[in-house]
Amino acid sequence: MLYQFISLFLVSRGLQELIPLNYDKHIMSNITLRAYHSLGCIYYLTPLLLKMENPLNEIETSRVPSDIEFVLKRSAQFFIWDIYSLSLSNEKNKMLYTLHHLISSGTIMYSLHYGINWYFVSLGLFLGEITNPITQVCAICEVLNYYNISFERFYFMCMLFVRGVIGPCLTLIMTYQIGNLCSIHGKEVLYNKSIILNYITLISITLGSIDWLNGKYKEITFSGIKDK
């Protein structure tokens with residue numbers, strides 16, 4: 001699957017050379033791939049997550065379904081590619097993206113390697129990617145030096161709902177699940193390592209999202225005052 005991302009990047013980069021506009025075409029190609037990856041995650045994961053019955057009941061100890069495994073492998077390979085592509089770009093948030101990708105790909109590969117504790121990884125991936133197409137639209141506007149305060153407010157509200165409401169709720173649910181599953185299965189070292197890794201990842205992403213929301217709120221507020 002990695003070749004798909006490499007091929008799409010090369011095609012996107014080549015086609016943009018035909019566009020007579022002055023902007024960073026490498027960054028725009030990265031944006032194209034991120035949008036492609038996130039739309040794929042939404043397309044594949046939506047029906048898979050919806051058809052699960054009682055997903056929180058003992059599903060953490062079951063093997064990874066083949067359909068879920070395909071999506072997780074696809075995402076892990078994308079994160080690896082994007083880390084490499086970021087190293088060649090001039091994106092201002094490249095260090096943040098790289099750290100995010102390292103944590104995400106590490107968590108996914110750990111879950112795939114041991115074949116357990118995959119449900120929260122899949123759900124976290126879905127919640128992380130469902131707002132990503134809008135994020136990439138904002139990134140395109142930034143590359144083209146275009147700013148629309150109304151769209152930025154809409155983007156902020158979407159992120160607030162997903163990252164500021166659903167994300168923390170998922171963290172609370174997982175906290176409950178850790179206690180519940182440990183009482184059922186006992187202290188199995190391998191299992192505990194896996195779920196604790198995912199728990200730390202979820203908390204880190206939640207805290208990072210809250211910090212981002214705070215910064216975005218200040219940015220929009222400042223822009224709103226400046227436009228008056």
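## Leu49 and its surroundings

Leaving out neighbours up to four places away in sequence, Leu49 makes contact with Tyr119, Ser122, Leu123 and Phe126. The structure described here is a predicted model. Helix α2 covers residues 25-50 and helix α5 covers residues 119-130, and the contacts of Leu49 with Tyr119, Ser122, Leu123 and Phe126 serve as a starting point for the wider description below.

## Overall architecture

The protein contains 8 helices and 0 strands. Read from the N terminus, its elements follow the order α-α-α-α-α-α-α-α.

Of the 228 residues in the protein, 45% count as buried. Among contacts with a sequence separation of 6 or more, 79% involve residues that are 24 or more positions apart.

## Nonpolar cores

The largest nonpolar core holds 32 residues, and the members that touch the most others are Leu45, Leu49, Ile68, Leu72, Ile108 and Leu125. At least two residues of this core come from each of α1, α2 (25-50), α3, α4 (94-114), α5 (119-130), α7 (149-185) and α8 (189-227).

A second core, separate from the largest one, consists of 9 residues. Its members include Ile134, Cys138, Tyr155 and Met159.

## Packing of α1 against α3

Helix α1 spans residues 2-16 and helix α3 spans residues 66-87. Their axes lie 9 Å apart, and the two helices pack at an angle of about 40 degrees. That angle is why α1 is described as oblique to α3. The crossing of α1 past α3 is right-handed.

On the α1 side, the contact is formed by Leu2, Phe5, Ile6 and Phe9, and on the α3 side by Arg74, Gln77, Phe78, Trp81 and Ser85. Sorted by class, the residues in the contact of α1 with α3 are 6 nonpolar, 2 polar and 1 charged.

## Gln16 in helix α1

Gln16 belongs to helix α1. Is this residue, Gln16, buried or exposed? Gln16 has a relative accessible area of 6% and is therefore buried, as the limit for a buried residue is under 20%.

Apart from residues up to four places away in sequence, Gln16 touches Tyr23, Lys25, Met28 and Ser29.

## Packing of α3 against α4

Helices α3 and α4 pack at an angle of about 150 degrees, with 9 Å between their axes. The two helices are therefore roughly antiparallel to each other, since an angle over 145 degrees falls in that category. The crossing of α3 past α4 is left-handed.

From α3, the contact draws on Glu69, Leu72, Lys73, Ser75, Ala76, Phe79, Asp82, Ile83, Leu86 and Ser87. From α4, the participants are Lys94, Tyr97, Thr98, His100, His101, Leu102, Ser104, Ser105, Ile108, Met109 and Leu112. By class, the contact of α3 with α4 comprises 10 nonpolar, 7 polar and 4 charged residues. Leu72 and Ile108, which take part in this contact, are also among the residues that touch the most other members of the largest nonpolar core.

## Thr98 in helix α4

Thr98 is located in helix α4. Which residues does Thr98 contact, leaving aside its neighbours within four places in sequence? They are Ile83 and Leu86, and both of these belong to the α3 side of the contact between α3 and α4.

Phe79 is another α3 residue in that contact. Thr98 and Phe79 are separated by 19 residues in sequence, and their C-alpha atoms are 8.5 Å apart in space.

Technical notes: Residues are numbered from 1 along each chain as its sequence is written. This is a predicted model: local features need pLDDT of at least 70, side-chain atom pairs count only at pLDDT 80 or more; totals for chains, interfaces and linings use all residues. Side-chain values use heavy atoms; hydrogens and water are left out. Axes are lines fitted to C-alpha atoms, for helices over the stretch in contact, and angles run from 0 to 180 degrees between N-to-C directions. Helices (H or I, at least four residues) and strands (E, at least two) are DSSP runs, numbered from the N terminus. Angles under 35 degrees count as roughly parallel, over 145 as roughly antiparallel, 65 to 115 as roughly perpendicular and the rest as oblique. A crossing is left-handed if the near helix is turned anticlockwise from the far one by less than a right angle, and right-handed if clockwise. Contact means heavy atoms within 4.5 Å. Ala, Val, Leu, Ile, Met, Phe, Trp, Tyr, Cys and Pro count as nonpolar, Asp, Glu, Lys and Arg as charged, and the others, Gly among them, as polar. A nonpolar core is a set of buried Ala, Val, Leu, Ile, Met, Phe, Trp, Tyr and Cys residues joined through side-chain atoms within 4.5 Å. Buried means under 20% relative accessible area, exposed over 50%, partly exposed in between (1.4 Å probe, protein chains only).
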